[in-house]
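User: I should like a close look at one part of this protein, namely its aromatic residues and the nonpolar core. Please set that part in the context of the whole chain and explain the reasoning step by step.

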Amino acid sequence: MSALTRLAALSLLLLTLPGCSSSALGGGDTNTRTGPWWVCPPVKGSGLEHGKKCAQDSDCMYGHCFDSGFLAGYVSGIKFCTKNNNCTGGDAAVCSTDGAFASAFEKSTSGGNGKRTSPEPYKVCAKTCSSDSDCAAWNIEMPDCIKNSTDYVSVGTTGVCGVNPFK
């Protein structure tokens, strides 16, 4: 077996192991801008909007069911729909293109995020909010209106729904 064939077989094996899904973006992903998450621009289909609870990628309008991660306070098992807002070139990656949504950035380890394990920062779309009740009504598992940046999340001037373990 050639080295290239072995490498291809190993890559296929790693992609099929539990917890190695490209949508399991909450931890351990060491790829840098590879895989389905980094296909740019995002392609809109049918399905649930950003921030809605999901079980699998096919539930979501952009095909990404984000598992745990920074916006969910790195709580395992909290899954929500979103798209990659870190793409360049066009309006497809802009969160507000889809309605009342805004960007949320994953903070770096040097910025105080001791839980970040990915080499690339994730930038996702989240439901905008003005109060915790807005978020609880949208997705009960992400009930906090994060209006200021935390150790995990960097937000702009608009609050976004998530899990804020620093409340």
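**The aromatic residues and the core**

Analyst: It should be said at the outset that this is a predicted model. The protein chain has an average pLDDT of 82, and 80% of the residues score at least 70. Over residues 1-31, however, the pLDDT is below 50, although this stretch has 27 contacts in the model beyond near neighbours in sequence.

The overall plan comes next. The secondary structure consists of two helices and seven strands. Read from the N terminus, the order of the elements is α-β-β-β-β-α-β-β-β. The chain has 167 residues, of which 41% count as buried. When contacts between residues at least 6 apart in sequence are considered, 57% of them join residues at least 24 apart. The chain exposes about 8300 Å², and carbon and sulfur atoms supply 56% of that area.

We may now turn to the core. The largest nonpolar core has 21 residues. Those with the most contacts inside this core are F66, F70, L71, A104, V124, V153 and V160. Strand 3 (101-106), strand 4 (123-129) and strand 6 (153-155) each supply at least two residues of the core. L71 illustrates how such a residue is surrounded: leaving aside neighbours within four places in sequence, its contacts include F80, A104, V124, A126, V153 and V160. M142, I146, C161, G162 and V163 are also among the contacts of L71.

The aromatic residues can be followed in the same manner. The structure holds eight aromatic pairs. In one of them, the ring centres of F66 and Y122 are 5.9 Å apart and the planes stand at 85 degrees; because an angle over 60 degrees counts as edge-to-face, the pair is placed in that class. F66 belongs to strand 1, whereas Y122 lies in the loop between strand 3 and strand 4, so the pair ties together parts that are 56 residues apart in sequence. Both F66 and Y122 are buried.

A further pair is formed by Y152 and F166. Their ring centres are 4.8 Å apart and their planes meet at 65 degrees, so this pair is edge-to-face. The pair links distant parts of the chain: Y152 is in the loop between strand 5 and strand 6, and F166 is in the segment after strand 7 (159-162), 14 residues apart. The two partners are classified by their accessibility. Y152 has a relative accessibility of 10% and therefore counts as buried, since the limit is under 20%. F166, with a relative accessible area of 39%, is partly exposed, because that value falls between 20% and 50%.

Ring pairs also build a cluster, which links W37, F66, F70, F80 and Y122. Two of its members have already appeared in the aromatic pair of F66 and Y122.

Another aromatic residue, W38, deserves separate attention. W38 lies in the loop between helix 1 (3-16) and strand 1 (65-67). Its relative accessibility of 11% is the reason why W38 counts as buried. Apart from neighbours within four places in sequence, W38 is in contact with R33, N84, N86, E120, P121 and Y122. As for N84, its C-alpha atom is separated from that of W38 by 7.1 Å, while the two residues are 46 places apart along the chain.

Some backbone details complete the account. Most residues other than glycine have a negative phi, and most peptide bonds are trans. Y74, in the loop between strand 1 and strand 2, has a phi near 60 degrees, a positive value in a residue other than glycine. Y74 counts as buried because its relative accessibility is 12%. S68 also has a positive phi, near 60 degrees, and its place is in the loop between strand 1 and strand 2 (79-81). With a relative accessible area of 11%, S68 is therefore buried. A cis peptide bond joins C40 and P41, with omega at about -5 degrees; P41 is found in the loop between helix 1 and strand 1.

Lastly, N139 is a polar residue whose contacts include F80, a member of the aromatic cluster. N139 is located in the loop between helix 2 (132-138) and strand 5 (144-146), and its relative accessible area of 4% means that N139 is buried. A polar atom of the N139 side chain lies 2.9 Å from the backbone oxygen of G51.

Terms used: Residues are numbered from 1 along each chain as its sequence is written. Side-chain values use heavy atoms; hydrogens and water are left out. Helices (H or I, at least four residues) and strands (E, at least two) are DSSP runs, numbered from the N terminus. Buried means under 20% relative accessible area, exposed over 50%, partly exposed in between (1.4 Å probe, protein chains only). Contact means heavy atoms within 4.5 Å. A polar contact is a pair of N or O atoms within 3.5 Å; within protein, one must be able to donate a hydrogen and the other to accept it, and residues adjacent in sequence count only if both atoms are side-chain atoms. pLDDT is the predictor's confidence in each residue, from 0 to 100. Accessible areas come from the Shrake-Rupley method with a 1.4 Å probe; for residues, only the protein chains shown count as cover. A nonpolar core is a set of buried Ala, Val, Leu, Ile, Met, Phe, Trp, Tyr and Cys residues joined through side-chain atoms within 4.5 Å. Rings of Phe, Tyr and Trp (its six-membered ring) pair if their centres lie within 6.5 Å; planes under 30 degrees apart count as stacked, over 60 as edge-to-face and the rest as tilted.
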